[in-house]
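Good morning, colleagues. I would like to take a few minutes to walk through one structure with you. Please have the view ready on your screens.

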Amino acid sequence: MAEPAKTLDGWYCYHDFRTINWAEWKQLSETERDSILNEFLELAKQWDDTQAKFEGSHGLYSILGQKADLMILWLRPTMDELIDLENEFNKTRLAAFTTPTYSYVSVVELSNYLPSDKDPEQDPEIQARLKPILPKWKYVCFYPMDKRRDGDDNWYMLSMEERSSMMRSHGMIGRTYAGKVRQIISGSVGFDDWEWGVTLFAHDVLQFKKLVYEMRFDEVSARYGDFGTFYVGQTMDESDIKPYFSIAE
Ligand code: VOV
């Protein structure tokens, strides 16, 4: 049997995708809409407090295309907190004007493919990668992926050495995007339908296409990568919420 990689697991992640029922939302008076948004912003303030204490992180994103209008991404030290957050959000009046379209459950993951002599518990850089405060970079991209298990192209039958060598090449391509694309890789074996969630952040949206395209030619993606649905959108601040939901009378 090939040796499994050892993983370091950080904060649990919940990606929640919704469309907005604009027709129903438009039926409300401006006062009702304002009151519903204030209730939501009160809840978001609690999430801000959690983030200020480094006990989690969250982001709100406006997604382009018909697959979703909004993505809420929550990160917490336990899955239990994510269950509570989902439940709490579903009980808001705003949630009643949304339809869930997709979701993803995972946990931030680092693996031991690249050698390191650091103690992960003590190293601030490793800790910051396992418990990331989501960057306020302008664009977000999310997709789930698998490593292929198909005949001769079976990632899980390769030796640790073969996999490490491919991951080194993967890391080298990734590093050329430093400052342009930030990645959060979250493992989801046993949690969701794919093996990893890939969440990317960029200042320039075109860098997602350039990075993902370049990686397609790298063996670990070319031969062993299988990909799910792609979502792309813009990072929202809480101050963007009211303009986003406002209806011209
Ligand atoms: C934005 C840049 C970037 C950089 C620097 C980077 C580097 C690295 C390193 C050094 C490592 C290994 C050690 C670790 O840290 O775990 C990884 C690990 C991983 N990656 Fe990566 N990756 C990037 C980006 C990046 C992208 C864009 C993708 C999607 C692939 C594509 O074709 O669309 C990806 C996937 C992954 C996955 C699924 C894993 C886990 C694989 C496993 O089998 O365990 N990744 N990745």
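Helices, as I shall use the word, are DSSP runs of H or I with at least four residues, numbered from the N terminus. The model before you is a predicted one.

Let us begin with Leu-41, which lies in helix H2, spanning residues 30-52. Setting aside residues up to four places away in sequence, Leu-41 touches Glu-238, Ile-241 and Lys-242. Between Leu-41 and Met-1 there are 51 Å from C-alpha to C-alpha, at a separation of 40 residues in sequence.

Ile-241 leads us to the nonpolar interior. The largest nonpolar core comprises 25 residues, and Ile-241 is among those with the most contacts inside it, as are Trp-25, Phe-40, Trp-47, Trp-74, Leu-94 and Phe-245. Two or more residues each are supplied by strand S1 (7-20), H2, strand S3 (70-76), helix H3 (79-90) and helix H8 (241-245). The largest share, seven residues, is that of H2.

Trp-74 deserves a closer view. Beyond four places in sequence, its contacts include Tyr-12, Tyr-14, Trp-47, His-58, Leu-82 and Phe-89. There is also a second, separate core of 18 residues, with Leu-73, Val-140, Phe-201 and Tyr-231 among them.

I turn finally to Tyr-143, where an unreviewed UniProt entry places the feature "active site". Tyr-143 belongs to strand S5, residues 139-147. Is Tyr-143 buried or exposed? Its relative accessibility is 6%, so Tyr-143 counts as buried, the cut-off being under 20%. Beyond four places in sequence, Tyr-143 is in contact with residues including Trp-196, Val-198, Leu-200, Phe-227 and Phe-230.

Thank you for your attention.

Terms used
Residues are numbered from 1 along each chain as its sequence is written. This is a predicted model: local features need pLDDT of at least 70, side-chain atom pairs count only at pLDDT 80 or more; totals for chains, interfaces and linings use all residues. Side-chain values use heavy atoms; hydrogens and water are left out. Contact means heavy atoms within 4.5 Å. UniProt positions are given in the numbering used here, feature names are shortened, and annotations may be inferred rather than shown by experiment. Buried means under 20% relative accessible area, exposed over 50%, partly exposed in between (1.4 Å probe, protein chains only). A nonpolar core is a set of buried Ala, Val, Leu, Ile, Met, Phe, Trp, Tyr and Cys residues joined through side-chain atoms within 4.5 Å.
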